[in-house]
Amino acid sequence: MVRLIDLPAGQAKRLADLECPDFQTRPWASGPPLAQRRVSVISSAGLFVKGEAAPFRGRDADYRSIPLKTPAADVLCSHISINFDRTAFQEDWNVVLPLDRMRELAKEGFIGSVADTHYSFMGAIDPIEAENHVRELSVRLKQEEVDAVLLCPV
Amino acid sequence: MSALAHYLEEEGLPTVAISLIRPQTENTRPPRALWVPFELGRPIGPPSDPAFQKRVIRAALRLLDGKNGPTVLEDFREDDPRSVPDPGWQSPSTEVPAGNIPSITLAELMEKEIQRLAPLHERWIDRRDRTTVGLARLSIGECAHYVASWMMGDVRPSPWTDLSSPMMLRFCVDDLKAYCLEAATGDLKPSGKQLRDWFWNNTATGSAVRMMRKILQASDDERLSRIVSNFMVPAAQIKPDD
């Protein structure tokens, strides 16, 4: 088990104290039962599809699209931080972007369906800089009839 | 991720976030989160364990069916079975460089090591049908040569117009690390820590990256200095004399 006390003190403090805007509202969206929902996954691992999009540079606040049909072999991680484990992703992309598992859960009827497209941001970006990109992404997600989003940080 | 969740929920999209750092999630309060006791970098848990991964995802997605907002933070109690060392794993044979060797000697050792690991890496690709090497868009030998040049004071321009030289250097280092770690994993199940400790303490490539960081962080180029200082050697692996 890894907890903050297992990390170097400076890194642990930075992570625990990471700032988030002090939002004045607590939005809570709801949807149909899980077995009817269409789910998209958003990773913050700085993932991109090689040959299709540019890797993330620095703390780019925009996002990259990862179509469901993308082979695992085409997805690379360009996250700027080196202070997280990458060996698991090297062995199995599902630890970061669980698209094979989502397909299985849809087949089992646990969720309704898997969205055609999934997404990645870079982690530890400025939330204010990311806001417009996220709101633009929300339009795409709704066009794709997504009504559940699984957020996977690294 | 908490801010992303907030914006998406404002737009009417229900979200659930995996949380790797509970205090951070307690501070930022996304609408729904499942804290998992896993190492940073593996939010869904152990690699190559579909049953475990699905238990994590099911636990997270079930929070979407709950009605008890405005914020929900639950815990996933199972530990990652791949966080413990595999006693059967044996690291590849490498030549551990002695301390204080000249940069040119260490660079040569790194380039030879990369060649020696090639059969193991080819085997990795054969078994997995995949590699995460590729950020620099160079062969791994060219990545090693690019890093070696910088170690010896030959500030090479980036071969790509869309990547600056410091970014190219970072991507070459990322590719070298991925190549060595993939080659070393083999057919067993070493923990991430086993692999990282091997790479940073028992390989010429790890030693070369350390030396390059030490040389270039004194650079007058502030951006280059910042990149090599912060984005080459993990904080947990930095030694007092690095």
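Trainee: Which residues in α6(B) meet α9(B), and which ones in α9(B) do they meet?
Mentor: On the α6(B) side they are Val147(B), Trp150(B) and Met151(B), and in α9(B) they meet Ala208(B), Met211(B), Met212(B), Ile215(B) and Leu216(B). Two residues are in contact here if their C-beta atoms, placed from the backbone, lie within 7 Å. This is a predicted model, in which local features need pLDDT of at least 70 and side-chain atom pairs count only at pLDDT 80 or more, while totals for chains, interfaces and linings use all residues. Residues are numbered from 1 along each chain as its sequence is written, and chains are lettered from A and ligands numbered from 1 in the order in which they are written.

Trainee: How many residues of that α6(B) and α9(B) contact are nonpolar?
Mentor: Eight are nonpolar, with no polar and no charged ones. Nonpolar covers Ala, Val, Leu, Ile, Met, Phe, Trp, Tyr, Cys and Pro, charged covers Asp, Glu, Lys and Arg, and the others, Gly among them, are polar.

Trainee: At what angle do those two helices pack?
Mentor: Helix α6 (residues 140-151) and helix α9 (residues 204-216) of chain B pack at about 40°, with their axes 9 Å apart. Axes are lines fitted to C-alpha atoms, for helices over the stretch in contact, and angles run from 0 to 180 degrees between N-to-C directions. α6(B) and α9(B) are therefore oblique to each other. Under 35 degrees counts as roughly parallel, over 145 as roughly antiparallel, 65 to 115 as roughly perpendicular, and the rest as oblique.

Trainee: Left-handed or right-handed, that crossing of α6(B) and α9(B)?
Mentor: Left-handed. That label applies if the near helix is turned anticlockwise from the far one by less than a right angle; if clockwise, the crossing is right-handed.

Trainee: What angle do α4(B) and α6(B) make?
Mentor: Helix α4 (residues 103-116) of chain B packs on α6(B) at about 175°, with the axes 10 Å apart, so α4(B) and α6(B) are roughly antiparallel to each other. From α4(B) the contact uses Ser103(B), Ala107(B), Met110(B), Glu111(B) and Ile114(B), and from α6(B) it uses Ile140(B), Gly141(B), Ala144(B), His145(B), Ala148(B) and Met151(B). By class, this contact has seven nonpolar, three polar and one charged residues.

Trainee: And how do α7 and α8 of chain B cross?
Mentor: The axes of helix α7 (residues 165-185) and helix α8 (residues 192-202) of chain B come within 10 Å and cross at roughly 120°. α7(B) and α8(B) are therefore oblique to each other, and α7(B) passes α8(B) in a right-handed crossing. Lys177(B), Cys180(B), Leu181(B), Ala184(B) and Thr185(B) of α7(B) make the contact with Leu195(B), Trp198(B) and Phe199(B) of α8(B). Six of these residues are nonpolar, one is polar and one is charged.

Trainee: Zooming out, how many helices and strands does chain B have?
Mentor: Chain B has 10 helices and three strands. Helices (H or I, at least four residues) and strands (E, at least two) are DSSP runs, numbered from the N terminus. Chain B is divided into domain 1 (2-83) and domain 2 (103-237), with bounds from an automatic or database domain assignment. The C-alpha centres of the two domains lie 32 Å apart.

Trainee: Where is confidence lowest in chain B?
Mentor: In helix α10 (residues 222-230) of chain B, at a mean of 88, while helix α3 (residues 50-62) of chain B is highest at 98. The score is pLDDT, the predictor's confidence in each residue, from 0 to 100. Chain B averages 93, and 100% of its residues score at least 70. The model scores ipTM 0.94 and pTM 0.94.

Trainee: How many residues does each chain put into the contact of A with B?
Mentor: Chain A gives 70 residues and chain B gives 68. On the chain A side, α4(A) supplies the largest share, seven residues. That side has 47 nonpolar, 11 polar and 12 charged residues.
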